[in-house]
Amino acid sequence: AWQVLALYMVLAANLSKQQDLKQACPSCDASQLCNCSSMGLDFIPLGLTAKITELNLAHNRIKHIRSQDLQQAVNLRALLLQSNKISSIDEDSFQSLVKLELLDLSNNNLAHLSPVWFGRLSSLQHLHLQGNWYKDLGKSSPFSSLRNLSSLSLGSPQFSVIRQGNFEGIELLHKLWIDGSNLSQYEQGSLKSIRDINHMIINIRSINIFSEIVRDLLHSVTWLEVREINLPLQIKSFVQNSTPPFRIQKLTFKEAFFTDESISRAIVLLKEITSLKELESIDCVLEGTGNWDTKSISMSGQSFVETVTIIRIIVPNFHLFFDLDGMESQTKKLKRLTIASSNVFMVKCNLARHFSSLLYLDFHDNLLVNNRLDETLCEGSWPSLQTLNLSQNSLKSLEHTAKCTSRLHKLNNLDISLNNFGEIPDVCEWPENLKYLNLSSTQIPKVTTCIPSTLEVLDVSANNLKEFGLQLPFLKELYLTRNHLKTLPGAAPIPNLVALSVRRNKLNSFSKEEYVCDSPLAVRGAQVGTVHLSLIECHRSLVVSLVCVLVFLAILLLVAVGYKYHVVWYLRMTWAWLQAKRKPKRAPPKDVCYDAFVSYSENDSEWVENTMVQELEQACPPFRLCLHKRDFVPGKWIVDNIIDSIEKSRKTLFVLSEHFVQSEWCKYELDFSHFRLFDENNDTAILVLLEPIQSKAIPKRFCKLRKIMNTKTYLEWPVGEEQQQVFWENLKVALKS
């Protein structure tokens, strides 16, 4: 008995913890993904189990992580604790999380990092520690045991020191982000222990420390992204005693500040990194007018960079910017150039002619206008150019724009979308090899023979087109989305078309003689006009959807009817009756363990447990009562518990009250018990009326209980003490009978 009681207590404790977890974080109920973010939690909720694989506790008020908090979550793969107030972590808090792959502790109050925290996290791939209060990483490496680490983020405005050995144990990283905006001390060689870094991001302001870090990374980093740096006039060499071959191929400056002098010096020094192929500038500021030291730049030799991308550069005096005369020698090897959202209004013809290797040019979202386009796209400019993007500028004349691009003899891809042309002429002059043309969102009202017949891809989406009837024999893709078309274009003028997009138009007809069917398979290849399909074949999706809706409505109707007429109750009763019928009518005498099974409402438990149980179980001789709270087997199905308890009891004692007939618990007990009690016409039922109750208050579906209350004598609990003694005597006699 004590073992059963102990098991029951353990199960009850686990159930209590699960209830605590469900209350603190409702999404954790029966789910592998537990989202408890932004719930105002002050601690990690109790009841976490091995079934949880992802736990999100971000944006709460947690201050401390205890040893036992995550002990049972052994299958956790992602643990998100960012943006809390965590200032302390017990050293063995993460020891059971051997399957953890992602740990985010960013934006907390951690003043130091302990290597013991990560000692057992052998599967960890992503670790985020940025935005905390620690000033350094300690005197050794906190990450020495993280052999599978792929991405690491660390640092903060308080982070000031990087020491040798801080990154020991890490050999390969896909991404490393260091917020070192206030980094004041860097021991040379600290980052050399990492052999291979695909992408490194560093927020840094000190140019001296930046130069030292670059020297350490020349042989390990593929893409270096530098943020918030303010390049001074004097910049030390990035290479010094380092010897090629170098690995760094891409360098990005983001939110950096340049002057004419510092950018001139940087161009010279970057040529020393012979592996560098791509330069990128995003959201930077250039305080100058383009008065660069072109003499020093030219004397420093040819650049190895092939791709330059400049996005949203801010030049306060852009209207005074020089034409960069003297930079012609630096453009010859450039293959891809993007200058977007940067107020470019013109490129001098002489400079444009020196981009002899350029294949791709992107000037989208600038200030290019037609009266300066002759200078930017002059004869002999951009001699190798194949792709040109002039979208989202201020071009107004399609005829003039086409004529300017016709000077680019190798051009085959042209994007001039999002310019307000408004009109389209009948004849235009285009590059002779043009294959792709994007005229979407240009306000053209129609298409004419201005469109070149050499095209393979044409996009005229989001215009005011009402029809499309061009002869384009080589066209393979046509995009007509968001126009006013009422009929599909004829198939004969575009015989090689393989892709046609006509979404969001006003289509109501097409040429049945020109189009052929693709599906169903039985009519594939036949002309549309000769095929006659049934309604179901034509609208199969609609028919299937309609059937599904009808089935859903029928199910909904059945559920509503079942709820109203208690169908579920009758099904449960039938199942209980079948279960009971399969067992013998009465248990053998040796299996009878109790004098009575007591059925009562939880609201009446005080009278039952403190009054009736004491009176009967302390009588002489004592009666043995079966109570569901005390004697049901934990974990056993309630149906079996009730039936077994009734069969092992000589009598069944019902404590009737208003609470009883309204209680869900008692309803189910009656569901699964009154079949056997009343169906056998035996005399095992004893009714105790705890308070006056009318038989009509009993639910109608308990018809036999209503009948027995009308035909069978029941004991009524009296108010006076003298009558109560008589009540107990009568109850004991009934139990013994």
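# Briefing on a predicted protein chain

Asparagine 463 sits in the loop that runs between strand β24 (457-459) and strand β25 (477-479). The model is a predicted one. The chain has 737 residues, and 46% of them count as buried. Asparagine 463 belongs to the buried part, at 4% relative accessibility. The points below begin with the chain in general and then go through particular places in it.

**The chain in general**

- The protein chain contains 17 helices and 31 strands.
- Among contacts with a separation of 6 or more, 60% join residues that are 24 or more positions apart.
- The exposed area of the protein chain is about 37400 Å², and 53% of this area comes from carbon and sulfur atoms.

**The annotated segment 542-563**

- An unreviewed UniProt entry lists residues 542-563 under "transmembrane region".
- In the model, the span 542-563 is 100% helix and 0% strand.
- The C-alpha atoms at the two ends of residues 542-563 are 31 Å apart.

**Around asparagine 463**

- Asparagine 463 counts as buried because its relative accessibility, 4%, falls under the 20% cut-off.
- Leaving out neighbours within four places in sequence, asparagine 463 is in contact with Leu439, Ser440, Ser441, Thr442, Gln443 and Ile444, and also with Arg482, Asn483 and His484.
- One of these partners, serine 440, is 23 residues from asparagine 463 in sequence, and the C-alpha atoms of the two are 6.5 Å apart.

**The loop between β13 and β14**

- Isoleucine 248 is placed in the loop between β13 (221-227) and β14 (250-254).
- The relative accessible area of isoleucine 248 is 3%, so the residue is buried.
- Residues up to four places away in sequence aside, isoleucine 248 touches Leu218, Val221, Thr222, Leu224, Ile273, Ser275 and Leu276.
- Valine 214 lies 34 residues from isoleucine 248 along the chain, with 9.4 Å between their C-alpha atoms.
- Proline 245 is also in the loop between β13 and β14, and the peptide bond leading to it from proline 244 is cis, with omega near 10°.

**Helix α3**

- Helix α3 covers residues 260-270 and is mostly covered, with eight of its 11 residues buried.
- The buried residues are Asp260, Ser262, Ile263, Ser264, Ala266, Val268, Leu269 and Leu270.
- The cover over these buried residues includes strands β14, β15 (257-259), β16 (278-282) and β17 (285-287), together with helix α4 (294-299).

**Helices α11 and α17**

- Helix α11 (residues 605-617) packs with helix α17 (residues 721-736) at an angle of about 70°, and their axes are 11 Å apart.
- The two helices, α11 and α17, are therefore roughly perpendicular to each other.
- On the α11 side the contact is made by Trp607, Thr611, Met612, Glu615 and Leu616, and on the α17 side by Phe727, Trp728, Leu731, Lys732 and Leu735.
- The residues in the contact of α11 with α17 are seven nonpolar, one polar and two charged.
- In an α-helix, residues three or four places apart point the same way, because there are 3.6 residues a turn.

**The loops that follow α11 and α12**

- Proline 621 is found in the loop between α11 and β28 (625-626).
- The peptide bond from cysteine 620 to proline 621 is cis, and its omega is near 0°.
- Valine 633 has its place in the loop between α12 (628-631) and α13 (638-647).
- Valine 633 counts as partly exposed, at 41% relative accessibility.
- Serine 645 is 12 residues from valine 633 in sequence and 9.9 Å from it in space, C-alpha to C-alpha.

**Residues with a positive phi**

- Most residues other than glycine have a negative phi, and most peptide bonds are trans.
- Aspartate 365 has a positive phi, near 60°, and is in the loop between β20 (360-362) and α6 (370-376).
- With a relative accessible area of 28%, aspartate 365 is partly exposed.
- Glutamine 392 has a positive phi, near 55°, and is in the loop between β21 (387-389) and α7 (398-405).
- Glutamine 392 counts as partly exposed, at 37% relative accessibility.

How values were computed: Residues numbered from 1 in each chain as written. Predicted model: local features only at pLDDT ≥ 70, side-chain atom pairs only at ≥ 80, totals over all residues. Heavy atoms only, no water. Helix = DSSP H or I, 4+ residues; strand = E, 2+ residues; numbered from the N terminus. Buried < 20%, exposed > 50% of the residue type's maximum accessible area, 1.4 Å probe, protein only. Contact = heavy atoms within 4.5 Å. Areas by Shrake-Rupley, 256 points an atom, 1.4 Å probe, with all protein chains shown as cover. UniProt positions renumbered as here; feature names shortened; annotations may be inferred. Axes fitted to C-alpha atoms, helices over the stretch in contact; angles between N-to-C directions. Parallel < 35°, antiparallel > 145°, perpendicular 65-115°, else oblique. Nonpolar A, V, L, I, M, F, W, Y, C, P; charged D, E, K, R; others polar.
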